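Look at the chain first, then read on. The report goes from strands to domains to the ligand.

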Amino acid sequence: MLQVNSLSFSYHKKPILIDFDFKVKKGEHVSIVGESGCGKSTLLKLIYGLLQPNEGEIFWGDKKVLGPNYHLVPGEPYMKYLAQDLQLMAYTTVEENVSQFLSVFYPEELRERTQELLEMIEMTAFAKVRIEKLSGGQQQRVALARVLAQEPELLLLDEPFAHIDNFRKNDLRRNLFSYLKRKGISCITATHDHHDILGYADRIIVLKNQEILADEATEALYYNPKTIYTASLFGEANHIPIEIVKSYANTKRKIIVYAHEFKISKKSGIPVIVEKSYFMGSYYLIEGLAGKEKIRFHASKAKKPKKKVYLNISIETINQRLKE
Ligand SMILES: Nc1ncnc2c1ncn2[C@@H]1O[C@H](COP(=O)(O)OP(=O)(O)OP(=O)(O)O)[C@@H](O)[C@H]1O
(Lines give C-alpha, C1' and ligand atoms only; values in the text may rest on other atoms or scores of the structure.)
Protein backbone atom coordinates (compact mmCIF):
# COMPACT_ATOMS: atom_id res chain seq x y z
CA MET A 1 0.00 0.00 0.00
CA LEU A 2 1.14 3.55 -0.77
CA GLN A 3 0.79 5.98 2.05
CA VAL A 4 1.25 9.73 1.63
CA ASN A 5 1.43 11.54 4.97
CA SER A 6 1.23 15.33 5.44
CA LEU A 7 3.08 15.95 2.18
CA SER A 8 3.92 19.54 1.23
CA PHE A 9 6.01 20.83 -1.63
CA SER A 10 7.01 24.24 -3.06
CA TYR A 11 8.97 25.23 -6.14
CA HIS A 12 11.23 28.13 -5.08
CA LYS A 13 8.92 29.13 -2.20
CA LYS A 14 5.80 28.91 -4.41
CA PRO A 15 3.57 26.34 -2.65
CA ILE A 16 2.30 23.66 -5.04
CA LEU A 17 0.94 20.98 -2.68
CA ILE A 18 -0.03 21.63 0.93
CA ASP A 19 -0.52 18.89 3.51
CA PHE A 20 -1.57 15.96 1.29
CA ASP A 21 -2.76 12.75 2.92
CA PHE A 22 -3.99 9.73 0.98
CA LYS A 23 -3.51 6.00 0.49
CA VAL A 24 -3.50 3.68 -2.52
CA LYS A 25 -4.19 0.00 -1.90
CA LYS A 26 -2.55 -2.91 -3.70
CA GLY A 27 -4.09 -3.34 -7.14
CA GLU A 28 -6.08 -0.10 -6.83
CA HIS A 29 -6.25 2.39 -9.70
CA VAL A 30 -6.41 6.03 -8.63
CA SER A 31 -6.76 9.00 -10.99
CA ILE A 32 -5.25 12.37 -10.10
CA VAL A 33 -7.23 15.08 -11.85
CA GLY A 34 -7.43 18.85 -11.89
CA GLU A 35 -6.83 21.87 -14.08
CA SER A 36 -3.54 22.42 -15.87
CA GLY A 37 -0.79 23.51 -13.47
CA CYS A 38 -2.55 22.26 -10.31
CA GLY A 39 0.37 19.96 -9.46
CA LYS A 40 -0.53 16.51 -10.85
CA SER A 41 2.91 15.85 -12.37
CA THR A 42 4.61 17.31 -9.31
CA LEU A 43 2.74 14.85 -7.10
CA LEU A 44 3.80 11.88 -9.26
CA LYS A 45 7.42 13.07 -9.21
CA LEU A 46 7.32 13.32 -5.42
CA ILE A 47 5.91 9.79 -5.12
CA TYR A 48 8.61 8.48 -7.45
CA GLY A 49 11.32 10.26 -5.48
CA LEU A 50 12.37 12.73 -8.21
CA LEU A 51 11.56 15.70 -5.98
CA GLN A 52 12.27 16.25 -2.31
CA PRO A 53 9.21 17.02 -0.14
CA ASN A 54 9.43 20.11 2.07
CA GLU A 55 7.41 18.24 4.65
CA GLY A 56 5.80 14.84 5.06
CA GLU A 57 6.62 11.28 4.13
CA ILE A 58 5.75 8.70 1.51
CA PHE A 59 5.75 4.95 2.19
CA TRP A 60 5.27 1.90 -0.01
CA GLY A 61 4.42 -0.75 2.59
CA ASP A 62 7.09 -0.24 5.22
CA LYS A 63 9.66 1.17 2.77
CA LYS A 64 10.09 4.92 2.87
CA VAL A 65 10.46 6.69 -0.48
CA LEU A 66 13.66 8.69 -0.38
CA GLY A 67 13.92 11.86 -2.46
CA PRO A 68 16.91 13.11 -4.49
CA ASN A 69 18.65 14.35 -1.30
CA TYR A 70 19.23 10.68 -0.46
CA HIS A 71 19.51 9.04 -3.89
CA LEU A 72 22.06 9.57 -6.65
CA VAL A 73 19.84 7.73 -9.12
CA PRO A 74 16.20 8.55 -8.50
CA GLY A 75 13.50 5.89 -8.49
CA GLU A 76 12.70 2.79 -6.50
CA PRO A 77 12.80 -0.74 -7.97
CA TYR A 78 9.17 -1.52 -7.05
CA MET A 79 7.85 1.60 -8.74
CA LYS A 80 7.84 2.77 -12.38
CA TYR A 81 7.08 6.23 -13.68
CA LEU A 82 6.05 6.80 -17.27
CA ALA A 83 6.29 10.43 -18.27
CA GLN A 84 6.74 12.30 -21.53
CA ASP A 85 10.42 11.33 -21.62
CA LEU A 86 10.13 7.78 -22.93
CA GLN A 87 13.75 6.65 -22.57
CA LEU A 88 13.66 4.12 -25.42
CA MET A 89 16.70 2.76 -27.24
CA ALA A 90 16.28 4.27 -30.72
CA TYR A 91 18.44 1.81 -32.68
CA THR A 92 16.99 -1.42 -31.33
CA THR A 93 13.70 -3.10 -32.18
CA VAL A 94 10.38 -2.92 -30.37
CA GLU A 95 10.81 -6.53 -29.26
CA GLU A 96 14.31 -5.90 -27.88
CA ASN A 97 13.17 -2.78 -26.02
CA VAL A 98 10.56 -4.83 -24.19
CA SER A 99 12.29 -8.21 -23.70
CA GLN A 100 15.47 -6.63 -22.36
CA PHE A 101 13.67 -5.80 -19.13
CA LEU A 102 11.94 -9.11 -18.54
CA SER A 103 13.50 -11.02 -15.71
CA VAL A 104 12.78 -14.42 -17.26
CA PHE A 105 15.27 -17.27 -17.56
CA TYR A 106 13.88 -19.64 -20.21
CA PRO A 107 13.82 -18.49 -23.88
CA GLU A 108 10.30 -19.86 -24.45
CA GLU A 109 8.94 -17.92 -21.45
CA LEU A 110 10.78 -14.80 -22.61
CA ARG A 111 9.10 -15.12 -26.02
CA GLU A 112 5.67 -15.62 -24.45
CA ARG A 113 5.97 -12.72 -22.02
CA THR A 114 7.23 -10.39 -24.78
CA GLN A 115 4.35 -11.51 -26.98
CA GLU A 116 1.83 -10.88 -24.19
CA LEU A 117 3.08 -7.31 -23.71
CA LEU A 118 3.21 -6.57 -27.45
CA GLU A 119 -0.37 -7.83 -27.80
CA MET A 120 -1.44 -5.62 -24.93
CA ILE A 121 -0.07 -2.51 -26.70
CA GLU A 122 -1.22 -3.85 -30.11
CA MET A 123 2.29 -3.70 -31.58
CA THR A 124 2.83 -7.36 -32.51
CA ALA A 125 3.17 -6.44 -36.20
CA PHE A 126 5.99 -4.00 -35.30
CA ALA A 127 8.04 -6.43 -33.19
CA LYS A 128 11.06 -6.28 -35.54
CA VAL A 129 10.85 -2.54 -36.31
CA ARG A 130 13.45 -0.17 -34.88
CA ILE A 131 12.19 2.48 -32.46
CA GLU A 132 13.52 5.37 -34.61
CA LYS A 133 11.06 4.32 -37.36
CA LEU A 134 7.98 4.58 -35.12
CA SER A 135 5.57 7.49 -34.63
CA GLY A 136 5.38 9.34 -31.29
CA GLY A 137 2.22 7.45 -30.28
CA GLN A 138 3.76 4.07 -31.17
CA GLN A 139 6.85 4.93 -29.13
CA GLN A 140 4.63 5.83 -26.20
CA ARG A 141 3.02 2.38 -26.41
CA VAL A 142 6.41 0.66 -26.45
CA ALA A 143 7.50 2.70 -23.44
CA LEU A 144 4.42 1.46 -21.63
CA ALA A 145 5.21 -2.19 -22.40
CA ARG A 146 8.78 -1.59 -21.33
CA VAL A 147 7.86 -0.33 -17.87
CA LEU A 148 5.40 -3.20 -17.44
CA ALA A 149 8.12 -5.71 -18.40
CA GLN A 150 9.89 -4.60 -15.23
CA GLU A 151 6.92 -5.83 -13.16
CA PRO A 152 6.42 -2.80 -10.95
CA GLU A 153 4.19 -3.04 -7.90
CA LEU A 154 3.15 0.57 -8.43
CA LEU A 155 2.87 2.26 -11.82
CA LEU A 156 2.77 6.06 -12.12
CA LEU A 157 1.37 7.33 -15.42
CA ASP A 158 1.48 10.98 -16.49
CA GLU A 159 -1.03 11.66 -19.29
CA PRO A 160 -0.44 8.13 -20.60
CA PHE A 161 -2.49 8.45 -23.79
CA ALA A 162 -1.58 12.01 -24.72
CA HIS A 163 0.06 11.11 -28.05
CA ILE A 164 -2.08 8.13 -28.92
CA ASP A 165 -4.67 8.48 -31.67
CA ASN A 166 -8.35 7.98 -31.02
CA PHE A 167 -8.45 4.73 -33.04
CA ARG A 168 -6.17 3.09 -30.50
CA LYS A 169 -6.93 4.95 -27.29
CA ASN A 170 -10.02 3.03 -26.21
CA ASP A 171 -8.57 -0.42 -26.90
CA LEU A 172 -5.30 0.51 -25.25
CA ARG A 173 -7.05 1.85 -22.14
CA ARG A 174 -9.08 -1.34 -21.81
CA ASN A 175 -6.04 -3.58 -22.42
CA LEU A 176 -3.79 -1.69 -20.04
CA PHE A 177 -6.16 -1.29 -17.12
CA SER A 178 -7.39 -4.88 -17.27
CA TYR A 179 -3.75 -6.06 -17.47
CA LEU A 180 -2.94 -4.05 -14.32
CA LYS A 181 -5.96 -5.48 -12.49
CA ARG A 182 -5.06 -9.03 -13.55
CA LYS A 183 -1.52 -8.63 -12.26
CA GLY A 184 -2.54 -6.75 -9.10
CA ILE A 185 -0.41 -3.70 -10.03
CA SER A 186 -1.41 -0.47 -8.29
CA CYS A 187 -1.65 2.51 -10.59
CA ILE A 188 -1.84 6.29 -10.25
CA THR A 189 -2.75 8.16 -13.42
CA ALA A 190 -2.47 11.94 -13.78
CA THR A 191 -4.86 13.05 -16.48
CA HIS A 192 -7.14 15.77 -17.87
CA ASP A 193 -9.18 13.37 -19.91
CA HIS A 194 -12.35 12.01 -18.31
CA HIS A 195 -12.20 9.08 -20.74
CA ASP A 196 -9.11 7.91 -18.81
CA ILE A 197 -11.09 8.00 -15.57
CA LEU A 198 -14.67 6.79 -15.93
CA GLY A 199 -14.75 3.06 -16.41
CA TYR A 200 -11.18 2.52 -15.18
CA ALA A 201 -10.37 4.42 -11.99
CA ASP A 202 -11.49 2.96 -8.67
CA ARG A 203 -10.96 6.31 -7.00
CA ILE A 204 -10.40 9.92 -7.97
CA ILE A 205 -8.32 12.55 -6.22
CA VAL A 206 -9.18 16.09 -7.33
CA LEU A 207 -6.54 18.80 -6.89
CA LYS A 208 -7.27 22.51 -6.65
CA ASN A 209 -5.49 25.49 -5.09
CA GLN A 210 -2.67 23.36 -3.64
CA GLU A 211 -5.15 21.08 -1.84
CA ILE A 212 -7.06 17.85 -2.24
CA LEU A 213 -10.56 19.03 -3.06
CA ALA A 214 -12.05 15.51 -3.20
CA ASP A 215 -10.89 11.94 -2.72
CA GLU A 216 -13.72 9.51 -3.45
CA ALA A 217 -14.78 6.40 -5.30
CA THR A 218 -15.37 7.20 -8.98
CA GLU A 219 -19.13 6.61 -9.16
CA ALA A 220 -19.86 8.35 -5.86
CA LEU A 221 -17.92 11.43 -7.00
CA TYR A 222 -19.56 11.43 -10.43
CA TYR A 223 -23.09 11.38 -9.00
CA ASN A 224 -22.37 13.81 -6.20
CA PRO A 225 -19.57 16.11 -7.33
CA LYS A 226 -20.21 18.92 -4.74
CA THR A 227 -18.36 21.55 -6.82
CA ILE A 228 -18.76 22.62 -10.43
CA TYR A 229 -14.96 22.30 -10.79
CA THR A 230 -15.20 18.57 -10.03
CA ALA A 231 -18.31 18.04 -12.18
CA SER A 232 -16.64 19.76 -15.15
CA LEU A 233 -13.84 17.20 -15.04
CA PHE A 234 -16.45 14.61 -16.06
CA GLY A 235 -18.03 16.58 -18.91
CA GLU A 236 -20.40 19.46 -19.63
CA ALA A 237 -22.04 20.56 -16.38
CA ASN A 238 -24.32 23.42 -15.28
CA HIS A 239 -24.32 25.23 -11.95
CA ILE A 240 -27.73 26.77 -11.65
CA PRO A 241 -29.67 28.56 -8.89
CA ILE A 242 -32.17 26.20 -7.33
CA GLU A 243 -34.93 28.82 -7.70
CA ILE A 244 -34.75 28.33 -11.48
CA VAL A 245 -35.42 24.62 -11.05
CA LYS A 246 -38.09 24.99 -8.39
CA SER A 247 -39.70 28.41 -8.64
CA TYR A 248 -41.20 28.03 -5.15
CA ALA A 249 -37.81 27.25 -3.56
CA ASN A 250 -36.71 29.81 -1.05
CA THR A 251 -32.95 29.34 -1.12
CA LYS A 252 -29.97 30.93 -2.79
CA ARG A 253 -28.27 27.58 -3.26
CA LYS A 254 -27.11 26.34 -6.63
CA ILE A 255 -27.19 22.79 -7.92
CA ILE A 256 -25.00 20.95 -10.37
CA VAL A 257 -26.76 19.35 -13.31
CA TYR A 258 -24.89 17.54 -16.07
CA ALA A 259 -26.02 18.59 -19.55
CA HIS A 260 -27.35 15.11 -20.31
CA GLU A 261 -29.51 15.06 -17.16
CA PHE A 262 -32.03 17.57 -18.52
CA LYS A 263 -35.09 16.15 -20.28
CA ILE A 264 -36.80 18.34 -22.85
CA SER A 265 -40.55 18.87 -22.64
CA LYS A 266 -42.87 20.77 -24.99
CA LYS A 267 -45.13 22.11 -22.26
CA SER A 268 -43.71 22.37 -18.76
CA GLY A 269 -40.47 22.81 -16.89
CA ILE A 270 -37.74 25.46 -16.88
CA PRO A 271 -38.37 27.78 -19.86
CA VAL A 272 -35.19 28.16 -21.94
CA ILE A 273 -34.59 30.23 -25.07
CA VAL A 274 -32.21 28.43 -27.43
CA GLU A 275 -29.12 30.29 -28.57
CA LYS A 276 -26.93 27.76 -30.34
CA SER A 277 -26.72 24.06 -31.27
CA TYR A 278 -23.49 22.09 -31.63
CA PHE A 279 -23.40 18.77 -33.48
CA MET A 280 -21.64 16.26 -31.17
CA GLY A 281 -22.13 13.03 -33.14
CA SER A 282 -24.72 10.99 -31.27
CA TYR A 283 -26.46 14.13 -29.86
CA TYR A 284 -26.56 17.93 -30.08
CA LEU A 285 -25.27 20.14 -27.31
CA ILE A 286 -27.68 23.06 -27.01
CA GLU A 287 -26.84 26.37 -25.37
CA GLY A 288 -29.68 28.51 -24.14
CA LEU A 289 -30.79 31.09 -21.57
CA ALA A 290 -33.12 30.51 -18.63
CA GLY A 291 -33.69 34.16 -17.73
CA LYS A 292 -30.13 35.43 -17.49
CA GLU A 293 -28.67 32.01 -16.66
CA LYS A 294 -26.73 30.15 -19.37
CA ILE A 295 -27.82 26.50 -19.61
CA ARG A 296 -26.33 23.67 -21.66
CA PHE A 297 -28.29 20.51 -22.37
CA HIS A 298 -28.45 17.61 -24.80
CA ALA A 299 -30.99 17.06 -27.55
CA SER A 300 -31.40 14.48 -30.28
CA LYS A 301 -31.93 17.20 -32.92
CA ALA A 302 -30.57 20.72 -33.46
CA LYS A 303 -32.86 23.52 -32.18
CA LYS A 304 -33.48 26.79 -33.96
CA PRO A 305 -32.11 29.94 -32.23
CA LYS A 306 -34.82 31.80 -30.21
CA LYS A 307 -36.98 28.67 -29.95
CA LYS A 308 -38.49 28.16 -26.48
CA VAL A 309 -38.10 24.74 -24.87
CA TYR A 310 -38.82 23.46 -21.37
CA LEU A 311 -36.30 21.48 -19.35
CA ASN A 312 -36.91 19.03 -16.53
CA ILE A 313 -34.63 17.31 -14.05
CA SER A 314 -35.62 14.17 -12.19
CA ILE A 315 -36.53 14.61 -8.55
CA GLU A 316 -33.94 11.93 -7.65
CA THR A 317 -31.16 14.02 -9.22
CA ILE A 318 -32.30 17.18 -7.43
CA ASN A 319 -32.48 15.42 -4.05
CA GLN A 320 -29.11 13.77 -4.57
CA ARG A 321 -27.39 17.06 -5.41
CA LEU A 322 -29.00 18.92 -2.52
CA LYS A 323 -27.64 16.43 0.00
CA GLU A 324 -24.88 17.97 2.10
N1 LIG B 1 10.71 22.83 -12.36
C2 LIG B 1 9.81 23.75 -12.00
N3 LIG B 1 10.20 24.92 -11.45
C4 LIG B 1 9.30 25.83 -11.05
N5 LIG B 1 7.97 25.70 -11.18
C6 LIG B 1 7.52 24.55 -11.73
C7 LIG B 1 8.41 23.53 -12.17
N8 LIG B 1 7.67 22.52 -12.68
C9 LIG B 1 6.39 22.89 -12.55
N10 LIG B 1 6.28 24.11 -11.99
C11 LIG B 1 5.03 24.83 -11.66
O12 LIG B 1 4.34 24.05 -10.69
C13 LIG B 1 2.93 24.05 -10.94
C14 LIG B 1 2.46 22.63 -11.04
O15 LIG B 1 3.01 22.03 -12.20
P16 LIG B 1 2.66 20.55 -12.66
O17 LIG B 1 3.43 20.26 -13.90
O18 LIG B 1 2.82 19.64 -11.50
O19 LIG B 1 1.09 20.69 -12.98
P20 LIG B 1 0.11 19.69 -13.75
O21 LIG B 1 -1.15 19.68 -12.96
O22 LIG B 1 0.77 18.38 -14.00
O23 LIG B 1 -0.11 20.47 -15.12
P24 LIG B 1 -0.49 19.90 -16.58
O25 LIG B 1 -1.84 19.28 -16.45
O26 LIG B 1 -0.52 21.15 -17.42
O27 LIG B 1 0.58 18.93 -16.98
C28 LIG B 1 2.72 24.89 -12.19
O29 LIG B 1 2.37 26.19 -11.79
C30 LIG B 1 4.09 24.89 -12.85
O31 LIG B 1 4.27 26.08 -13.57
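Start with a pair of strands in this predicted model. Strand β1 (residues 2–11) and strand β4 (residues 55–60) run antiparallel and are joined by five bridges. One contact to find is N5, whose bridge partner in β4 is E57.

β1 also pairs with strand β2 (residues 14–24). Here too the sense is antiparallel, over seven bridges. S10 has P15 as its bridge partner in β2. β1 and β2 form a hairpin, with two residues between them. In the turn, H12 has a positive phi of about 45°.

The table lists both pairings of β1.

| Strand pair | Sense | Bridges | A bridge partner pair |
|---|---|---|---|
| β1 and β4 | antiparallel | five | N5 and E57 |
| β1 and β2 | antiparallel | seven | S10 and P15 |

In a regular strand, side chains alternate between the two faces of the sheet.

Now step back to the whole chain. How is the protein chain divided into domains? The assignment gives domain 1 (2–227) and domain 2 (236–322). Their centres, taken over C-alpha atoms, are separated by 38 Å.

Next comes the ligand. Which residues are around it? They are Y11, I16, G34, S36, G37, C38, G39, K40, S41, T42, A190 and H192. Helix α1 (residues 40–48) supplies the largest share of this shell, with three residues. Sorted by class, the shell around the ligand has seven polar residues, four nonpolar and one charged.

How values were computed: Residues numbered from 1 in each chain as written. Predicted model: local features only at pLDDT ≥ 70, side-chain atom pairs only at ≥ 80, totals over all residues. Near = placed C-beta within 6 Å. Helix = DSSP H or I, 4+ residues; strand = E, 2+ residues; numbered from the N terminus. Nonpolar A, V, L, I, M, F, W, Y, C, P; charged D, E, K, R; others polar. Domains from an automatic or database assignment. Pairing = 2+ DSSP bridges.
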